[in-house]
Amino acid sequence: MQNYRKAALRHFDDGDYLLDDHRLPNADHHYGVAAECALKAIMRGLGMPMKLPSGQMPKYPHNVHVNELWSLFHIFANGNSGSVYSSLVPSANPFVNWSVHDRYEDGSKYTSAMLADHKVGASETLACMNQAFVDGVVR
């Protein structure tokens with residue numbers, strides 16, 4: 001079964017581990033996935049279905065990666081009694097230049113500044129997710 005909260009924490013920790021080893025492309029990838037999982041954990045807690053009864057993924061707008069999910073999170077949270085969580089995640093998307101497909105790249109595009117922005121964005125989503133966990137919204 002999917003556990004977006006635990007996945008978010010694991011990916012963030014892996015990002016830190018890889019960053020400490022100066023492996024920027026892979027660290028960046030993990031920070032993006034961590035943020036995506038954190039947002040999905042909150043959205044799931046606010047009522048967004050993640051799987052159909054058949055076990056298949058529904059064709060909902062949330063079935064995208066963090067670079068697209070960021071703005072959808074704000075729309076969904078604000079429309080589903082989650083404005084407190086939306087207010088904890090900046091509206092400006094730090095992952096606008098992130099793509100899951102970058103895992104196929106040679107890694108030359110990564111800069112320390114880009115990685116720092118993505119780590120901050122992931123940290124903010126995890127802080128929001130942790131608050132939602134304390135509030136009982138996220139399991």
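This tour of a predicted model goes from a pair of packed helices to a single tyrosine and its surroundings.

Begin by selecting residues 24-45, which form helix α2, together with residues 66-79, which form helix α3; the two pack at an angle of about 25°, and their axes lie 10 Å apart. Because angles under 35 degrees count as roughly parallel, α2 and α3 are roughly parallel to each other. Turn the view until one helix lies over the other, and the crossing of α2 past α3 can be recognised as left-handed.

Next, show the side chains where these helices meet. On α2, select Gly32, Ala35, Glu36, Leu39, Lys40, Ile42 and Met43, and on α3 select Val66, Leu69, Trp70, Leu72, Phe73 and Phe76, since these residues make the contact. Coloured by character, the residues of this contact comprise 10 nonpolar, one polar and two charged.

Now move to residues 83-86, helix α4, and pick out Tyr85 within this helix. Is Tyr85 buried or exposed? With a relative accessible area of 3%, Tyr85 falls under the 20% limit and is therefore buried.

Keeping Tyr85 selected, display what surrounds it: apart from neighbours within four places in sequence, Tyr85 is in contact with Ile42, Leu46, Phe73, Cys128, Gln131, Ala132, Asp135 and Val137. Among them, Ile42 and Phe73 also take part in the contact of α2 with α3. Zoom in on Asp135, whose side chain makes a polar contact with the side chain of Tyr85 at 2.6 Å.

Finally, add Phe12, which stands 73 residues from Tyr85 along the chain, and find the two C-alpha atoms separated by 19 Å.

Terms used
Residues are numbered from 1 along each chain as its sequence is written. This is a predicted model: local features need pLDDT of at least 70, side-chain atom pairs count only at pLDDT 80 or more; totals for chains, interfaces and linings use all residues. Side-chain values use heavy atoms; hydrogens and water are left out. Axes are lines fitted to C-alpha atoms, for helices over the stretch in contact, and angles run from 0 to 180 degrees between N-to-C directions. Helices (H or I, at least four residues) and strands (E, at least two) are DSSP runs, numbered from the N terminus. Angles under 35 degrees count as roughly parallel, over 145 as roughly antiparallel, 65 to 115 as roughly perpendicular and the rest as oblique. A crossing is left-handed if the near helix is turned anticlockwise from the far one by less than a right angle, and right-handed if clockwise. Contact means heavy atoms within 4.5 Å. Ala, Val, Leu, Ile, Met, Phe, Trp, Tyr, Cys and Pro count as nonpolar, Asp, Glu, Lys and Arg as charged, and the others, Gly among them, as polar. Buried means under 20% relative accessible area, exposed over 50%, partly exposed in between (1.4 Å probe, protein chains only). A polar contact is a pair of N or O atoms within 3.5 Å; within protein, one must be able to donate a hydrogen and the other to accept it, and residues adjacent in sequence count only if both atoms are side-chain atoms.
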